[in-house]
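Got the viewer open and a selection box ready? Here is a short tour, stop by stop, of what to pick and what turns up there.

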Amino acid sequence: MITLHAFGPGLGLPDPSPFVMKTDVLLKMSGLPFRVDTSGLAKAPKGKLPYIEDDGEIVADSTFIRRHLERKHGIEFDPGLTPEQKAIAWAFEKMAEDNLYWTILDARWVDDANFARGPSAFFNRVPAPIRPLVIAVIRRKVRKSLWAHGMGRHASDEITELATRSIDAIATYLGPKPYFFGDQPTGVDATMFSFVASAMCPVFETPRRKAAERHDNLKRYVGRMTARYYPGLGEVAGCMAAA
Ligand SMILES: N[C@@H](CCC(=O)N[C@@H](CS)C(=O)NCC(=O)O)C(=O)O
């Protein structure tokens, strides 16, 4: 059976990592049996989650996990999509993963109030005497990665502008459709759902959240995806599960 290495539910989301959520949804879409293990970060081959173990084979990174499921198990995530639609899907996915993601990371980890509301709880198992030091080291690492990416060099209002444009683009393309390309979910919906829900996470007071919440179609979309893939949760990111 496939093992998905994840962080585990947090922040009112199936997983605090949108990349893990994406992979979890892809695995649910695939119909393959899988289990979730939340103890794997220390052994992650690329130092990040998610990764999977499948019959002794380890595959890291959500995009390569999807490719693995397609190649090894013959899963077709995009039945009926045209090459043009697949190109659009790739562009939206990479916008979410390589740009919107960094605005979400900035909001959660750099702003002191938001950090206290959310990620600080990730450190509850660290012994109290060394907790402040560990938190300072990890937050410095996150700030450095934001700087290296480039997002961390922007002013707060510039980051908000970038996040808002990405969220608006997703909402505009989705429009009144139930899913990104019509009546049935395809692979891109695993990504769009995960990043939009992460941007909407009610734990945080952020302009990205406000940008997402302005779009009723995005709220309904998150509720629809929740009803389909996480019916047991009832709601994700404050959006009630409803088909
Ligand atoms: N490109 C990777 C990104 C995965 C990623 O950024 N994971 C983050 C959580 S959102 C992580 O594991 N960070 C832990 C760390 O950097 O120590 C993918 O698509 O899976």
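## Stop 1: the cavity

The lining of the largest cavity is made up of five nonpolar, two polar and two charged residues. Keep in mind as you click around that this is a predicted model. To see that lining, select Ile104, Ala107, Arg108, Ser198, Ala199, Cys201, Phe204, Thr206 and Arg208. The space they line comes to about 60 Å³, and the structure holds one cavity of 30 Å³ or more. Now colour by element: helix 3 and helix 7 are the ones that give two or more residues to this lining. Helix 3 supplies the largest share, three residues.

## Stop 2: helix 3 beside helix 7

Keep helix 3 (83-109) on screen and add helix 7, residues 187-200. How far apart are the axes of these two helices, and at what angle do they pack? The axes are 10 Å apart, and the angle is about 20 degrees. That angle is why helix 3 counts as roughly parallel to helix 7. The crossing of helix 3 with helix 7 is left-handed.

Next, show side chains at the contact. On helix 3, pick Ala89, Phe92, Glu93, Ala96, Glu97, Leu100, Tyr101, Ile104 and Arg108. On helix 7, pick Gly187, Val188, Thr191, Met192, Phe195, Ser198 and Ala199. Sorted by class, this contact has 10 nonpolar, three polar and three charged residues. Some names should ring a bell from the cavity: Ile104, Arg108, Ser198 and Ala199 are among the residues lining it.

## Stop 3: helix 1 across helix 3

Hide helix 7 and bring in helix 1 (18-30). Does helix 1 run roughly parallel or roughly antiparallel to helix 3? The two pack at about 155 degrees, with axes 11 Å apart, and that angle makes helix 1 roughly antiparallel to helix 3. Select Pro18, Phe19 and Lys22 on helix 1, then Glu93, Glu97 and Tyr101 on helix 3, to light up the contact. By class there are three nonpolar residues here, three charged and no polar ones. Glu93, Glu97 and Tyr101 also take part in the contact of helix 3 with helix 7.

## Stop 4: the largest pocket

Time for the largest pocket, which holds about 1,500 Å³ of space. Which of its lining residues sit closest to the centre? Of the 37 that line it, those are Phe7, Leu41, Gly47, Leu49 and Trp109, so to speak the place to aim your camera.

Then widen the selection to helix 1, helix 2 (62-73), helix 3 and helix 5 (131-149), the elements that give two or more residues to the pocket lining. Helix 3 gives the most, with nine residues. In the lining as a whole you will find 21 nonpolar, seven polar and nine charged residues.

## Stop 5: two backbone details

Leu49, which you picked at the pocket centre, leads into the next stop. Show the backbone from Leu49 to Pro50: this peptide bond is cis, with omega near 10 degrees. Pro50 belongs to the loop between strand 2 (34-37) and strand 3 (51-54).

Finally, jump to Asp61, in the loop between strand 4 (57-60) and helix 2. Is its phi positive or negative? Asp61 has a positive phi of about 95 degrees, although it is not a glycine.

Conventions. Residues numbered from 1 in each chain as written. Predicted model: local features only at pLDDT ≥ 70, side-chain atom pairs only at ≥ 80, totals over all residues. Heavy atoms only, no water. 1 Å grid on protein atoms, 1.4 Å probe; cavity = no way out; pocket = protein on both sides within 12 Å on 5 of 7 lines; lining within 4 Å. Points joined across faces, edges and corners; volume = space filled by probe spheres on them. Helix = DSSP H or I, 4+ residues; strand = E, 2+ residues; numbered from the N terminus. Nonpolar A, V, L, I, M, F, W, Y, C, P; charged D, E, K, R; others polar. Axes fitted to C-alpha atoms, helices over the stretch in contact; angles between N-to-C directions. Parallel < 35°, antiparallel > 145°, perpendicular 65-115°, else oblique. Left-handed = near helix turned anticlockwise from the far one by under 90°. Contact = heavy atoms within 4.5 Å.
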